[in-house]
Amino acid sequence: MTTLASHQSEVRTGRDGFGRLVHAEWTKLRTVRGWVVALLLIPVLTGLGALLLTNVSCSLVGVDGQPVACVAPATGPGGEAVADSFYLARQALAGDGTITARVTSLAGRHTPVSTSPTPVTGGFEPGVQPWSKAGIMISAGTAQGSAYAAMMVTGGNGVRMQWNYTGDSAGLPGTVSASSPRWLRLTRSGDTLTGYDSSDGTHWNTVGSVVLSSLPSSAQIGLFATSPSYIVLAPTFGGGQSQATGTFDRIALTWPGATGRWIGTGIGSDPAGPNGPDPFTGSFTHANDTITVTGSGDIAPEVPETWDGVGVKAQDALTGTVVGLIPATIVAALFVTAEYRRGLIRLTFAAAPRRGRVLAAKAVAVGSATFVAGLVGAAIALASGIRLLSAGSPVLPMSTFTEVRMVVGTAALLAVAAVLALALGTLARRGVTAVTAVIAVIFVPLLLATLPGLLPLGTQEWLLRVTPGAAFAVIQSLPAYHQVLGQYQPAFGYFPLSAAAGFAVLCAWTAAALAAAGYALRRRDV
Amino acid sequence: MSSVGLSRPRAGGAVWLALHAEWTKFRTLPGMFWLPVAAAVLTVAVGAIAAGEYHCAGSMCTAAGGGGDPARISLTGIYLGQVLVAVLAVLVVGGEYGNGMIHVTLAAVPRRQVLLLAKAAVVAGLTFAAALAGVLGSMATGRLVLTGRGMTPANGYLVLSPRYDEYLRAGLGSVLYLVLVALLALGITMAVRDSGVAIGVVLGLLLLFPLVIAVMPDHALARHLEQASPVISGLSIEATINESSLPLAPWQGLGVLALWAGGALLLGGLLLRRRDA
Amino acid sequence: MPLILDAPDEGTALIGGTPHTALHAPLTHIGALLDAGALQPSRSARNHLLWLAHSQGLPARRVDEVVEQVGLGSAARRRAGGYSLGMRQRLGIAAALLGDPGALMLDEPFNGLDPEGMAWIRALLRTLARQGRAVLVSSHLMAELEDTADHLVVVGRGRVIADTGVADMIAAASGDRVHLRTASPAEAMTALANAGATAVFGDVDQLTVSNLPAERIVAALTRAAVPFSEVSAHRASLEEAYMELTRDKVDFRAVSPE
């Protein structure tokens, strides 16, 4: 055979390794005009979703049935919007001390089920709500959104210690009655508040202990009652308001300045609501060492998906994410199938024989491009969306961390879904098969899971636990609070998994598809 | 004439010949046959799962009290079936653009509207057959399963049967729905000339509206989008209870889809005539 | 196959002693023209070469060099989908040359080229070989190979049929036959038979003579006073040699028209 060692290449190659493969794939991606257009469509479509929000409005119905302008809900110590309305029999007491009381009854009534936003003034029916509350409280003040900790009995969730609207810790189970009373105790020691409960006043259990850093020396010590609105889903969506009355005795205060005189204060009574005003008012009576407190409302986070919920969620601004996902995934799938269609893949593998690295380089190139495009789109969508929404309705506030998580999460969702599409494209090799697979794996389950009423709720939530669409949990701006009964459904933007867990489901799909694609690349001829 | 001259073409118009050619192309392409079969089978399977998943309790089981729609539940599989039907239509056209065979086809059938007509007829015929099988199977399965789940005359439901006008309309309408989806996909593929892009556009158009509407906070706008959506309006043909809550009346809704399909065919046909292959 | 695009049933393929997959920048070792149509139609030729250069860590300057070398010039910035077959062929060759490799594998490089392009590539292949590179060309255009190739490997039905130099192969196929043109073929046959040669009739005035060198044929005819107008040593074309070699060994054969 001919020997051919004589030729010496004069061309010098630059840096070695994976980086130049990524560079090559990025050059491929940016030099096809259709793909560049599609990549630019990602931020445009993601951002355009915010424009759909210009018509969102909020109006409340007043006592006379006339519309009343919306007022933004108060915010709690954690910065979240809160529903804070109840009735409080209180004393202002300075320094450390303990309040103890026995609850012998929790009763209530509610408006009949209403299906339209009109004021309801009569026809009340008896009964407590699962989260009707009556108990003792140490609070920073009487303004809505004040820091507090409270021990309470509830209509259906036993004894609870709750603090600062979102904190909740379970105590003794069961309902309260004269034959089965509940003893509640709350102790202040500096900024530390500790709650206890007991069924006999002798044996006490600690329910929880919290530090309220913003608690002034002179705090409001009191007895409270409140009861939230309710919703029914069938036969048609409806709901109403409710009221609860708690009966207290064996009340003991250890503060030095404590007296037997209580001041009654209604906190945050609503003159109007989205479905009409709350017809119930608060009051208290004090006789023979027994105090009854009657109140209506809730001391909890504000949840728009309740009968009297106000405001919109910032995640509505990211409605366009699912639209932006379409060009992102289709470009990613076609990015690899286009090479198969013309046999270009043979040249690619001749240039870079280690096929797994080519796949990885493609994933990095298309993933980075969609991530950046998504980041721009999501940042614009969220910023402009919140502004547009605020013009019509209060936007429930959220932490900076949540905002960053939503924007970065949206970008990551688009990027990882694009890599999933790339892997499916590598497996399918034909463009039409790849795009169909992408749509069948990502979009069809998402559609089945979010279209209201298409499938039973349990099935919809199951789909959002196991399909790639689970990652849409990254755009959820408000958590679902178990202590507020709302319509926590996918159709209303509540996902069954947390942002991290939902994103992990998508990552697992992508990892599995990439592994299968890498295996297929090694096994088959080009 | 020489002795080896071709035998004379068989009698029949250009459309008939083109149709015959398109049918031969379809049936001689390996794998294509399975698409309509899969469309029918998966439609029935998903419908059976949805019917099996249906549960209700107490007053919610009645037709007037928020219970499900037997026709809609039985026909849930249409959501998946339409994807396969769209793929079928896309491949019948897009496959030829992918490998350049469209040049041969246009050399053989130079009148492009005839070609479009022939392709549309083959796609529509195949889809009709698959849809008919899928819908009949779905509704038969639904009748078997749902009667055991409280969808009985006692709860205000009519038994699923073509004897009743609503069910006949839902069934026939669903078959027409799938045929229209196929024609929509055909028109779009003619317009974009690439299978991958075409299926993306078609399924994007079909699925995007419901996905956006589902999370849309603006309800007035959402209602308009529902009326414009080929899927939501089109599938209102399936509704047999609570028809007053539909965005459009059943036949009007199917009309919206027909407008989309007609528009797509018109666009595809015009572009086919105007530009080079 | 050496590029492991198709997995071998058995054995290994090495490039300069190294498996292809172990090469850091494979195109600087072996350049390949696989299929000139293997490109993204909407990408320009220059960008096509640019990504390829990036994958090998080559500078963009190298792209401009090969674009000039293959004569694509200003067309390199147009979308490659609009190229003629010949231009695509030049682009494919540019891709093979990009890494300035010691070995080149060119599959049907003459396809679609105009006569000028044919001459250009023949010269290019010779130049590349003179520079000390191994140039592997696979082609069915025997006439082109005959002029350019040194060494020949004939493969039929997946097996090596011949592995030899072009000159040797032609010589083997030519045999020692001599063409003779004469107005008196019968006399010539007698004279040659007497001299120990075998002669067969060809056309009207032609004989093919074997077993006797040309000089002795001339001598024998002169001695017998047989008139003749031409004596020439038969030189088979590469195509004839190939046909000779692969009879019964090729995959497909057209039915000869009767």
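Two residues are counted as being in contact when their C-beta atoms, placed from the backbone, lie within 7 Å, and with that in mind we can say that no contact joins chain B and chain C, whose closest C-alpha atoms lie 12 Å apart. Before going on, I should say that this is a predicted model, in which local features need pLDDT of at least 70 and side-chain atom pairs count only at pLDDT 80 or more, while totals for chains, interfaces and linings use all residues. Residues are numbered from 1 along each chain as its sequence is written, and chains are lettered from A and ligands numbered from 1 in the order in which they are written.

Let us start with the chains. Of the 2 pairs of chains that touch, A and C have the most contacts, with 35 residues coming from chain A and 45 residues from chain C. On the side of chain A that touches chain C, α1 (18-30), α2 (33-48), α3 (321-342) and α4 (344-351) each supply at least two residues; helices here are DSSP runs of H or I with at least four residues, and strands are runs of E with at least two, numbered from the N terminus.

Now to chain C, where an open sheet of 4 strands follows the order β9-β10-β8-β11 with antiparallel pairing, two strands being paired if DSSP finds at least two bridges between them. Because β9 (198-201) and β11 (230-233) of chain C stand at the edges with a single partner strand each, one side of each is left without a neighbour in the sheet. Strand β8 (residues 178-181) of chain C pairs with β11(C) in the antiparallel sense over 4 bridges, and L180(C) has V231(C) of β11(C) as its bridge partner.

Which strands does helix α7 (residues 185-194) of chain C touch as it packs on the sheet? It touches β8, β9 and β10 (206-210) of chain C, and its direction makes about 10° with that of β10(C), where axes are lines fitted to C-alpha atoms, for helices over the stretch in contact, and angles run from 0 to 180 degrees between N-to-C directions. Helix α8 (residues 214-223) of chain C, in turn, lies across β8, β10 and β11 of chain C and runs at about 160° to β11(C).

Finally, in chain B, the axes of helix α6 (residues 112-147) and helix α7 (residues 165-192) come within 8 Å and cross at roughly 145°. Among the residues that meet there are L116(B) and F128(B) in α6(B), and G171(B) and L186(B) in α7(B).
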